[in-house]
Amino acid sequence: MERKDIESLFARAPEIRALVIGDLMLDEYLWGKTERISPEAPVQVVDVVREDLRLGGAGNVVNNLVALGCRVGVCSVIGADDNGTLLRHVFSGKGVDTDGVFEDPQRRTSKKTRVIAAHQQIVRIDRESKEEIGSDREEAIIRFLEREGGQYQVFVVSDYLKGVLTPRVLTTVIETGHRLGIPVVVDPKGNDYLKYRGATVITPNRKEAEQAAGIPIRDGESLNRAAAKLLAELDLSALLITRSEEGMSLFFPAAEPLHIPTVAREVFDVTGAGDTVLALLSLGLAAGIGIAEAARLANTAAGIVVGKLGTSTVSPAEILEEAGRSHRDSDTKIKNLDVLSGIIAAEKARGKRVVFTNGCFDLLHVGHVKYLQQARAFGDLLVLGLNSDASIRRLKGEKRPLIGEEERAHVLAALDCIDYVVIFDEDTPLRLIETLRPQVLVKGGDYTLEGVVGRGVVESYGGRVELVPFVDGKSTSNVIDEILKRYA
């Protein structure tokens, strides 16, 4: 995905409501140092210097979705104990809806305590219930889904085999998703994947996939066979297998697989990476960006989170930074209108004078550069509306443009005089002008004031129009003619 499209996705995230269904737990980290052996037994003595309590299990998926800006609800069963009360308190502080969380006095709220010294985990202590929830709690979850499920855009299933996701609960989740047209994204566990039949997509790692398929995955051929078996048996729309240092592979029932290489630069801890993948994939599907693009984005996020120690999340800013590494300077300037409108409003609130111009800028030449430099001089920042390929074909014929819109956008964004580039598909930039409300609207000297699109809009709130003459003899048409004359 282009950086501008990722920005737009995160701008829409607050409109997305995700329901996380699964096993909740607390992850406790005791950080310390060890310098001696206990006189009581041949074990290390850890001097605890810091304690950290985090949401674990399905709670870490909630954490990830909240960090991405989504509105999140959670559905689960916890114990009527202190850890359950603490869980609710943490959720409340994050603005998470817990109406779907039900207590069972016979269960313990899961808590995993990890003791870490010198960046190494010394021991893990688990306190939890693993038996399946009773029929009364199943009924409570089913009634909740039937009553409240329609207000969500995605169901996110996080299974840790702690008893909440019984076959009956899973069947209800998947059937409700189908009935309401809501994607169901599942992070599976165990060997019996038939309970996930009909889900939109499941996200096992390589070991989990080979266990579920009963096919050892040793190479590309065995990977494809295992994926084909799972797709056929489970009636999935897609299957995403995460493959550690080899990245991830996305499989479809009737299309070629997509293999996505890892982007991790350094791996410290893979804890929670699967939850990050689940969260990004769910956000992408809820926003309608397509499962392939969502998988690529999830892969980028996973590469970031494995560079952190402990159960962690990833922020939109971190993902955008990673996504912009290939075109760091130009990517930061190219925006979609929904994101750019907020940026420009903030710039104007700080007293900045915004200049706007537009054009095709096919085969960039010195006439273009001089024109843009003069336009920038009329204010504090320059926004360039760039005609899309489709709009240029309508304006100039099927043989144009010579350079595609993304390439033209990156070339223009590399110019110091341009602060932002936004691609538009209409025949005129009127919608951009109405949305951005620049103080100065600039057009070329071949226009008259009466012929400038958007002039009335800009002047209605006190702005002005400036006409800038072009450099004589410098145009894209002249460049094309000269090339044809020399090389025809």
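Select Gly 69 to begin: in this predicted model, Gly 69 comes after helix α2 and has a positive phi, near 105°. Step back from there into helix α2 itself, residues 58-67, where 8 of the 10 residues are buried, so that the helix is largely enclosed by the rest of the structure. To display that buried set, pick Ala 58, Gly 59, Asn 60, Val 61, Val 62, Asn 63, Asn 64 and Leu 65.

Keep Asn 60, Val 61 and Asn 64 on screen and add Asp 275, since these three are among the residues in contact with Asp 275 once its neighbours within four places in sequence are left aside. The others in that list are Gly 57, Ser 158, Tyr 160 and Asp 187. Asp 275 sits in helix α8, and with a relative accessibility of 4%, which is under the 20% cut-off, Asp 275 counts as buried. An unreviewed UniProt entry lists Asp 275 under "active site", an annotation that may be inferred rather than shown by experiment.

Next, colour the largest nonpolar core, which holds 53 residues and in which Leu 65 and Ile 319 touch the most other members. Helix α8, residues 273-287, supplies the largest share of this core, with 9 residues. Centre the view on Ile 319 and, not counting residues up to four places away in sequence, show what it touches: Ile 6, Phe 10, Leu 68, Leu 280, Leu 297, Thr 300, Ala 301, Ile 304 and Val 314. A second core, separate from this one, has 41 residues, and Leu 19, Phe 102, Val 186 and Ala 226 are included in it.

Now move to a pair of helices, α4 (residues 135-148) and α5 (residues 167-180), whose axes come within 10 Å and cross at roughly 5°. That angle makes α4 roughly parallel to α5. On the α4 side, select Ser 135, Glu 138, Glu 139, Ile 141, Ile 142 and Leu 145, and on the α5 side Arg 168, Val 169, Thr 172, Val 173 and Thr 176, as these residues make the contact. Sorted by class, the contact has 5 nonpolar, 3 polar and 3 charged residues.

Strand β6, residues 110-117, is the next stop, with Arg 114 as the residue to pick within it. Is Arg 114 buried or exposed? At 8% relative accessibility, Arg 114 counts as buried. Its contacts, apart from neighbours within four places in sequence, are Asp 27, Glu 28, Tyr 29, Leu 30, Gln 121, Val 123 and Arg 124.

Continue into the loop between β6 and β7, where Ala 118 lies. Most residues other than glycine have a negative phi, and most peptide bonds are trans. Ala 118, although not a glycine, has a positive phi of about 55°, and at 61% relative accessibility Ala 118 counts as exposed. A further positive value, near 50°, belongs to Arg 437, in the loop between α16 (430-436) and β17 (440-444); at 41% relative accessibility Arg 437 counts as partly exposed. For the peptide bond, select Arg 400 and Pro 401, which are joined in the cis form with omega near 0°; Pro 401 is in the loop between α14 (389-396) and α15 (405-413).

Finally, zoom out to the whole chain, whose C-alpha trace spans about 90 × 50 × 50 Å along its principal axes. The secondary structure comes to 18 helices and 18 strands, and 51% of the 488 residues count as buried.

Methods
Residues are numbered from 1 along each chain as its sequence is written. This is a predicted model: local features need pLDDT of at least 70, side-chain atom pairs count only at pLDDT 80 or more; totals for chains, interfaces and linings use all residues. Side-chain values use heavy atoms; hydrogens and water are left out. Axes are lines fitted to C-alpha atoms, for helices over the stretch in contact, and angles run from 0 to 180 degrees between N-to-C directions. Helices (H or I, at least four residues) and strands (E, at least two) are DSSP runs, numbered from the N terminus. Angles under 35 degrees count as roughly parallel, over 145 as roughly antiparallel, 65 to 115 as roughly perpendicular and the rest as oblique. Contact means heavy atoms within 4.5 Å. Ala, Val, Leu, Ile, Met, Phe, Trp, Tyr, Cys and Pro count as nonpolar, Asp, Glu, Lys and Arg as charged, and the others, Gly among them, as polar. Buried means under 20% relative accessible area, exposed over 50%, partly exposed in between (1.4 Å probe, protein chains only). A nonpolar core is a set of buried Ala, Val, Leu, Ile, Met, Phe, Trp, Tyr and Cys residues joined through side-chain atoms within 4.5 Å.
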